[in-house]
Amino acid sequence: MTVPLGGIPLADHAAVYRALDEAGFTDAWSAEVAGADAFTPLALAAAWTPRLRLGTAITPVFTRGPGLLAMSAAALAEAAPGRFALGIGASSPVIVGDWNAGEFTEPFRRTRDVLRFLRSALAGETVDAAYDTFAVRRFTLERPPAVPPPLLLAALRPGMLRLAGAEADGVILNWLAAGDVPKALAALGERRPGFEVVARIFVCPTEDAAHARALGRRLITSYLTVPAYAEFHRWLGRDEVFGPMWKAWAAGDRRGAGAAVPDEVVDALVLHGAPEECRAQVRRYAEAGVDVPVLALLPTPELAAGGAGALFDVINRLGGGEPR
């Protein structure tokens with residue numbers, strides 16, 4: 001499950017983590033956009049729920065210096081030895097430039113360089129190196145983790161996918177349908193031993209299809225008009241189906257952009273239905289080759305009306321339990 005969950009203060013997440021654990025969820029993965037940072041929710045989970053595996057999906061490579069990123073990862077790996085995975089990625093020009101006053105330049109090479117730096121630093125080595133996009137002078141972690149975390153790479157298109165397969169311990173996929181998974185996996189090439197495939201999957205557990213599709217359209221027009229995601233879906237073969245959306249969005253017609261997305265595309269990218277139906281749809285990703293399907297829980301009318309009880313019921317049913 002993607003954490004933290006919306007509408008619940010971090011201080012109250014102990015009950016959420018217990019519910020996830022009891023429902024059969026194995027992992028808690030954080031996101032980092034403009035809400036909670038990637039590490040704090042996982043640090044709380046490390047203390048409150050000793051069985052959950054923890055992961056970042058993703059920590060941007062531009063918004064922290066290499067040394068700080070290594071320190072943050074090492075601290076969490078020390079707090080949860082053997083059950084933390086560090087996912088990194090390029091992020092986007094808005095997050096890096098507009099919100100964090102950084103320069104979003106050469107994202108592929110920056111991601112590759114940070115990956116290589118972290119591999120050395122988290123192993124306890126002294127890093128004194130000039131990479132293509134930055135240089136580090138004699139950096140050594142004072143508290144290197146006894147169990148260095150696996151390093152996973154967020155990747156969309158062939159270049160980054162090949163880098164993930166060649167140099168990372170896993171790949172993080174996002175915004176793709178179950179039927180898209182084989183194409184992404186084929187682009188990885190030869191993989192390192194123990195390589196993991198993680199995918200974030202948007203889930204709206206409601207039988208109110210109109211609500212789910214309206215929310216799905218808003219998300220699709222917000223995300224898949226970003227250049228990196230637009231190119232990803234062109235590569236996946238959706239140039240024709242998303243062409244009208246991209247054209248309307250570029251013309252400033254936000255409503256028209258949403259209306260141009262067909263229902264079947266929304267349904268493939270944003271899963272909805274009763275929690276048991278969503279669980280069955282998620283299973284298709286696993287059957288296609290995803291090792292760790294990470295649900296991103298979206299708001300529903302039932303959750304808004306039912307409060308914590310409805311939330312814990314949905315978590316239990318998504319995890320495979322009986323309705324509470």
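Here are some exercises with worked solutions on this predicted model.

**Exercise 1. Strand S8 and its neighbours**

Work out which way the side chains of strand S8 (residues 151-154) point, and which strands pair with S8.

*Solution.* Start with the side chains. In a regular strand they alternate between the two faces of the sheet. In S8, Leu151 and Leu153 point one way, while Leu152 and Ala154 point the other way. Both sets are buried, so don't expect an exposed face here: buried means under 20% relative accessible area.

Now look for partners. Strand S5 (residues 84-89) pairs with S8 in the parallel sense, over 3 bridges. Strand S9 (residues 170-174) also runs parallel to S8, and 3 bridges join them.

Next, zoom in on Leu152. Gly87 stands opposite Leu152, and in S9 the bridge partner of Leu152 is Gly170.

Finally, follow the chain on from S8. Together with helix H6 (residues 158-167) and S9, strand S8 makes a right-handed β-α-β unit.

**Exercise 2. Arg217 in its helix**

Find Arg217, decide whether Arg217 is buried or exposed, and list what its side chain meets.

*Solution.* Step one is location: Arg217 belongs to helix H8 (residues 209-223). Step two is accessibility. The relative accessible area of Arg217 is 18%, so Arg217 counts as buried, the cut-off being under 20%.

Step three is the polar partner. The side chains of Arg217 and Asp263 are joined by a polar contact of 2.5 Å. Asp263 turns up again once you skip the neighbours within four places in sequence: Arg217 is then in contact with Gly258, Val261, Pro262, Asp263 and Val266.

**Exercise 3. Just past helix H8**

Where is Thr225, and which backbone oxygen does its side chain reach?

*Solution.* Go past the end of H8 and you get to Thr225, in the loop between H8 and helix H9 (227-236). With a relative accessible area of 16%, Thr225 is buried. Its side chain reaches back to the backbone oxygen of Thr221, at 2.6 Å. Not counting residues up to four places away in sequence, Thr225 touches Ile220, Met245, Trp246 and Trp249.

One of those, Trp249, has another visitor: the charged end of Arg254 sits over the ring of Trp249, 3.9 Å from its centre.

**Exercise 4. Aromatic rings**

Describe the pair formed by Phe202 and Tyr223, and say how accessible each residue is.

*Solution.* The whole structure has 11 aromatic pairs. In the pair of Phe202 and Tyr223 the rings are tilted, with 6.3 Å centre to centre and 55° between the planes. This pair links distant parts of the chain: Phe202 is in strand S10 (residues 196-204) and Tyr223 is in helix H8, 21 residues apart.

Now check accessibility. Phe202 is buried at 8%, whereas Tyr223, at 30%, is partly exposed.

While you're looking at rings, find the cluster in which ring pairs link Phe117, Tyr131, Phe134 and Phe139. Then look at Trp235: Lys183 lies over its face, at 4.9 Å from the ring centre.

**Exercise 5. Thr59 and an unusual peptide bond**

Which residues does Thr59 touch, and which peptide bond in the loop before S4 is cis?

*Solution.* Thr59 lies in strand S4 (residues 59-60) and is buried, at 0% relative accessibility. Leaving out residues up to four places away in sequence, Thr59 touches Glu32, Ala38, Phe39, Arg64, Leu69, Leu86, Gly87, Ile88 and Gly89. Its side chain also makes a polar contact with the side chain of Thr56, at 3.4 Å.

Step back to Ile58, in the loop between strand S3 (53-56) and S4. The peptide bond from Ala57 to Ile58 is cis, with omega near 5°. You'll find another cis bond from Val3 to Pro4, with omega near 0°.

**Exercise 6. Positive phi**

What is the phi of Ser91, and what is the phi of Glu106?

*Solution.* Ser91 is not a glycine, yet has a positive phi of about 70°. Look for Ser91 in the loop between S5 and helix H4 (93-98). For Glu106, also a residue other than glycine, phi is near 50°. Glu106 is in the loop between H4 and helix H5 (107-121).

Last step: accessibility. Ser91 is partly exposed at 26%, and Glu106 is partly exposed at 39%.

Key:
Residues are numbered from 1 along each chain as its sequence is written. This is a predicted model: local features need pLDDT of at least 70, side-chain atom pairs count only at pLDDT 80 or more; totals for chains, interfaces and linings use all residues. Side-chain values use heavy atoms; hydrogens and water are left out. Helices (H or I, at least four residues) and strands (E, at least two) are DSSP runs, numbered from the N terminus. Buried means under 20% relative accessible area, exposed over 50%, partly exposed in between (1.4 Å probe, protein chains only). A polar contact is a pair of N or O atoms within 3.5 Å; within protein, one must be able to donate a hydrogen and the other to accept it, and residues adjacent in sequence count only if both atoms are side-chain atoms. Contact means heavy atoms within 4.5 Å. Two strands pair if DSSP finds at least two bridges between them. A crossover is right-handed if, with the strands pointing away from the viewer, the path from the first strand over the helix to the second runs clockwise. Rings of Phe, Tyr and Trp (its six-membered ring) pair if their centres lie within 6.5 Å; planes under 30 degrees apart count as stacked, over 60 as edge-to-face and the rest as tilted. A charge sits over a ring if NZ of Lys or CZ of Arg is within 6 Å of the ring centre and within 35 degrees of the ring normal.
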